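Reader: I am new to this structure. Can you show me how to read it, feature by feature?

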Amino acid sequence: MNILVINAGSSSLKYQLMDPDTKVILAKGLCERIGIDGRLTHKVPATDSKHEFEIPMPTHAEAIQAVLDALLSPEHGVIKSMSEIDAVGHRVVHGGEAFAESVKIDDSVMAAIEECIPLAPLHNPANITGIKACQKVMPGVPMVAVFDTAFHQTMPEKAYIYALPYEYYEKDKVRRYGFHGTSHMYVSRRAAAMLGKPIEELKIITCHLGNGSSVTAVDGGKSVDTSMGFTPLAGLPMGTRAGDLDAGIIEYLMERHNYSIEEMLNILNKKSGVLGVSGVSSDFRDLGDAAEHGNHRADLAVECFNYDVKKLIGAYAAAMGGVDAIVFTAGVGENSPAQRLEIASGLEFMGVKMDPEANNARGKETVISAADSRVKVLLIPTDEELVIAQDTARLAK
Ligand code: ADP
């Protein structure tokens, strides 16, 4: 069964054609500059080849068409006819309280995703456009929506209610939703498999540390708390996002600098995080290099980030009354032994003991704690596309 996985952003669209049973990826790629001009990068793992094209993409519909043309192309294609695409899985960022799991898309599902637009005004419209574009060029092919928020719908009230007047929850849906759910779910399940234990018996803290970062407490396979909130701006400092801060700062800065709310939000979303603190880069590799050359603020930015991850690990161990495993995943979590070591050191009091040599691994499933560490620390590459493809195959049948 071949599943086309689509992750549509406002001006970009990532895709992957894969067989979820064999986990073989036939092709994958990226459309960029949709609405501007249009560029397609198409990769075929079997031949280890990469093809780049300039193709006009005024809308997502032309981008999807370009993807299908690339998949069907006699030169660099991987299928002979459209009938070889059995179903399409779409990543959708916000499912609100309407979706606690993936769902086959029909008119009522589309309406519910549209209702979530005010909760994710930048993301959901792009996801909807991607779905509609696919429906247009591939009529009759089953489509499934997989939500970033769904895995966190198991959080108890006490974890998702903000201490605001309750009517803002009831009338305006203001609550913690959490994001990166597909990744947290995948790596927590892989962790249980690696440990050879039923997930129902495990307390796991999953650290998705990338350009966007979040930490989740997974108790018995269910998300019980997570660091992102009503929006993906909350929690850890990120590449360019501020993460948690005192809401009083917003009014203070707006008054002093005469900022509009748009300017203030632009600062919080695009100019803050490790970029803001360092003044160097949002990319942790650049920060590591700069810190090695003696740049204090680059070093400080990484230190602040690592410190906040460590605090969340402590908080979630307390929330769950213990922890059996800590998982590191995503760009930084999978590739930065130094940051993993920094985050997990000093946690010996709660049974965490790293194996510095094993920790030198990158990008492959590895136990990175010492043999006598009571809490297992695991490096697990995330695979959101695989989850989307598996859910899609299951629901499309
Ligand atoms: P996204 O949230 O966009 O999916 P990723 O999960 O791909 O992001 O993570 C991107 C981040 O991972 C970047 O900040 C990048 O610097 C970081 N990263 C990638 N490789 C390394 C590395 N070797 N050392 C430190 N950080 C790395």
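Reader: Which residue stands opposite Met143 in E8?

Author: A word first: the model is predicted. Now the case here. Val88 stands opposite Met143 of E8. Val88 is in strand E6, residues 87–92, and E6 pairs with E8 in the parallel sense over 5 bridges.

Reader: Which strand runs antiparallel to E8?

Author: Strand E7, residues 103–104, does, joined to E8 by 2 bridges. Lys104 has Val144 in E8 as its bridge partner.

Reader: Is strand E8 largely enclosed or left open?

Author: The general idea is to look at burial, where buried means under 20% relative accessible area. In strand E8, residues 143–147, 5 of the 5 residues are buried, so the strand is largely enclosed by the rest of the structure. Both faces are covered. Met143, Ala145 and Phe147 are buried on one side, Val144 and Val146 on the other.

Reader: In what order do the strands of the open sheet come?

Author: Read the sheet strand by strand. The order is E11-E10-E9-E12-E14-E13, 6 strands with mixed pairing. Strands E11 (222–226) and E13 (366–367) each have a single partner strand, so they stand at the edges, with one side lacking a neighbour in the sheet.

Reader: How do E9 and E12 pair?

Author: They pair in the parallel sense, over 5 bridges; E9 covers residues 203–209 and E12 covers residues 325–329. One pair to find: Ile205 has Ile326 in E12 as its bridge partner.

Reader: Which strands does helix H6 touch?

Author: Helix H6, residues 181–195, packs on the sheet and touches E9, E10, E12, E13 and E14. Its direction makes about 130° with that of E9. Helix H11, residues 296–320, lies across E9, E10, E11 and E12, at about 160° to E9.

Reader: How many aromatic pairs does the structure hold?

Author: It holds 5. One of them is Tyr160 with Tyr169, a tilted pair at 5.8 Å centre to centre, with 50° between the planes. Another is Tyr166 with Tyr169, edge-to-face at 5.6 Å centre to centre and 65° between the planes. Tyr160, Tyr166 and Tyr169 form one aromatic cluster.

Reader: Why does Tyr169 count as buried, and why does Tyr166 count as partly exposed?

Author: Buried means under 20% and exposed over 50%, with partly exposed in between. Tyr169 is at 16% relative accessibility, so it counts as buried. Tyr166 is at 41%, so it counts as partly exposed. Tyr160 is buried at 11%.

Reader: What lies over the face of Tyr160?

Author: Arg175 does, at 3.6 Å from the ring centre.

Note on methods. Residues are numbered from 1 along each chain as its sequence is written. This is a predicted model: local features need pLDDT of at least 70, side-chain atom pairs count only at pLDDT 80 or more; totals for chains, interfaces and linings use all residues. Side-chain values use heavy atoms; hydrogens and water are left out. Rings of Phe, Tyr and Trp (its six-membered ring) pair if their centres lie within 6.5 Å; planes under 30 degrees apart count as stacked, over 60 as edge-to-face and the rest as tilted. Buried means under 20% relative accessible area, exposed over 50%, partly exposed in between (1.4 Å probe, protein chains only). A charge sits over a ring if NZ of Lys or CZ of Arg is within 6 Å of the ring centre and within 35 degrees of the ring normal. Two strands pair if DSSP finds at least two bridges between them. Helices (H or I, at least four residues) and strands (E, at least two) are DSSP runs, numbered from the N terminus. Contact means heavy atoms within 4.5 Å. Axes are lines fitted to C-alpha atoms, for helices over the stretch in contact, and angles run from 0 to 180 degrees between N-to-C directions.
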